[in-house]
Amino acid sequence: MAENDPQTEIERLRAENERLRRTAASRGMTIKVSEKGGVSVYGLGRFPVTLYKEQWTKLLAMADDIRAFIRDNDSKLKTKE
């Protein structure tokens, strides 16, 4: 079969979609675009965490600071599972 055969491509995409579904399901978290164009992360709690892309960019830039804060305040912080 040729590499650009439509049926081969469909099967490859189905396999990739299934792999991605299993990965997301095992994590229990998903990411979607909200109705208003924000980035929503589902699976952290009862409600999604939704921020606009600029807000996510600022938050992700602080990742090391947040980790340090959690480490420094570990005795005061609670864990929810």
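V33 has V39 in β2 as its bridge partner, and this pairing is a good place to start reading the predicted model. It belongs to the antiparallel pairing of strand β1 (residues 30-33) with strand β2 (residues 39-42), which runs over four bridges. From there, β2 also pairs in the antiparallel sense with strand β3 (residues 49-51), over three bridges. Away from the strands, there is a pocket to explore, with α2 (53-61) and α3 (63-72) each giving two or more residues to the lining of the largest one.

**Strands β1 and β2**
- Look for T30 first: Y42 in β2 stands opposite T30.
- The hairpin of β1 and β2 has five residues between the strands.
- Within this hairpin, G37 takes a positive phi near 90°.

**Strands β2 and β3**
- V41 and V49 stand opposite each other, with V49 belonging to β3.
- Six residues lie between β2 and β3 in the hairpin that these strands form.
- G43 sits in the turn of that hairpin and has a positive phi of about 110°.
- As a general guide for viewing strands, side chains in a regular strand alternate between the two faces of the sheet.

**Rings and charges**
- Y42 is worth a second look, as the charged end of K32 sits over the ring of Y42.
- The distance from that charged end to the centre of the ring is 5.2 Å.
- If you search for aromatic pairs, you will find zero in the structure.

**The largest pocket**
- How much space lies in the largest pocket? The value is about 160 Å³.
- Empty space of this kind can be found by rolling a probe the size of a water molecule over the atoms.
- To find the largest pocket in the viewer, pick out its lining: W56, L59, L60, A63, I66, R67 and I70.
- Which element gives the most to this lining? α3 does, with four residues.
- By residue type, the lining of the largest pocket divides into six nonpolar residues, one charged residue and no polar ones.

Conventions:
Residues numbered from 1 in each chain as written. Predicted model: local features only at pLDDT ≥ 70, side-chain atom pairs only at ≥ 80, totals over all residues. Heavy atoms only, no water. 1 Å grid on protein atoms, 1.4 Å probe; cavity = no way out; pocket = protein on both sides within 12 Å on 5 of 7 lines; lining within 4 Å. Points joined across faces, edges and corners; volume = space filled by probe spheres on them. Nonpolar A, V, L, I, M, F, W, Y, C, P; charged D, E, K, R; others polar. Pairing = 2+ DSSP bridges. Phe/Tyr/Trp six-rings, centres within 6.5 Å; stacked < 30°, edge-to-face > 60°. Lys NZ or Arg CZ within 6 Å of the ring centre and 35° of its normal.
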